[in-house]
Amino acid sequence: MKTLAKICVTTALASGLALPAVAEIQTRTISVSNGIAETHPVGNGVEKMRECMTERTDGKWTLNAFWSSALGDDLTSAQALRSGTLEMVITSTSPLVGIEPALGVFDLPFLFANEAEADAVLDGPFGEMISEKMAENGLVNLSFWENGFRNLTNSVRPVASLSDFEGLRVRVMQNNIFLDTFQALGTNAMPMAFGEVFTALETGAIDAQENPYVTIDTSQFYEVQDYLSATRHAYTPFMVLYSKPMFDSYSEEEQQILRDCAMEGQTVQREVSRELSDTALAHVQEEGGMEFNEISEENLAEIRERVAPVYDRHKEEIGADVVDQMLATLEELRAE
């Protein structure tokens, strides 16, 4: 009887301790907005997040994803997060420089040498600093995912040297650094929301656009573009952003679930993104019929030299301390 009593007490205590934890997790429906297609590796990351949330909340959370700017472009969605009318958006950093100028550091041309370098910066103290700045703007950055290195497509000619940029009507993201970079290269740079790009290419309103291989493939730009050039001129991350007004109303346990599941999604999304990059490049050539070209190191050096002044022209608007910290971080990494 004493043993049975002890078991009952232990069970009761265990149940009592468990009850507050269960009560901390509310039933929620979470909407996440994306500017890209569901077939993009972000889709794999979102599916992993959904699985993680279902497991961690015992099915109390439902994650609904909206693709291809169905809820508005990334900037519009980010503003909705700030006002507390939308839960989550997965967005490139570039459209949000109007909200947080420091994000412009990722738009500086030829910043990262490779993916490993980008991961080290984003997942380290520099990334933490950027996340703190986002919180000051009503946005919680749960995790950095990968958009990747950007490359140029167009319907006029292969771009293999600096002179080949001349006169191309290139869609760029809606921020001053990309605009300045492509103007410096001699193009007619035209800011435009991502959701408008395919139609603009199809109708001939623009000649060119620039994105990672996977985005070029999943967005089917090969249907309206003839040439793909490996410029690798910029690496832009995705951020998994959550509404801070909503986040702050959640329990600590719920907040941790959001962070943990976003990180699980990061692992899957980055892996799939890198696996698919080569596959996407092959697909747009073989199935899409795009003509692909590399750029010689000599010509790339000339291109980099032409855009180097962009760093100085935008240092103050980004934040001199941010640019200096980024360059110091990269110097330290490269010295290892």
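How much space lies in the largest pocket? In this predicted model, the figure is about 230 Å³. The pocket is lined by 13 residues. Closest to its centre are S131, L142, S143, F144 and M263. Three elements each supply at least two lining residues: α5 (125-135), β4 (139-154) and α10 (252-286). Strand β4 gives the most, with four residues. By class, the lining of this pocket holds six polar, four nonpolar and three charged residues.

Enclosed space was examined next. The whole structure contains two cavities of 30 Å³ or more. The largest cavity holds about 250 Å³ of space. Its lining comprises 21 residues, and D74, S92, P95, R171 and F194 are the closest to its centre. Helix α3 (74-83) and strands β3 (88-92) and β4 each contribute at least two residues to this lining. Strand β4 thus appears in the lining of the largest pocket and in that of the largest cavity. Nine residues around the largest cavity are nonpolar, eight are polar and four are charged.

The second largest cavity has a volume of about 40 Å³. Its lining consists of F110, L152, F165, F182, L185, T231, H233 and I303. Six of these residues are nonpolar and two are polar. No charged residue lines the second largest cavity. Charged residues do occur in the other two linings, with three at the largest pocket and four at the largest cavity.

How values were computed: Residues numbered from 1 in each chain as written. Predicted model: local features only at pLDDT ≥ 70, side-chain atom pairs only at ≥ 80, totals over all residues. Heavy atoms only, no water. 1 Å grid on protein atoms, 1.4 Å probe; cavity = no way out; pocket = protein on both sides within 12 Å on 5 of 7 lines; lining within 4 Å. Points joined across faces, edges and corners; volume = space filled by probe spheres on them. Nonpolar A, V, L, I, M, F, W, Y, C, P; charged D, E, K, R; others polar.
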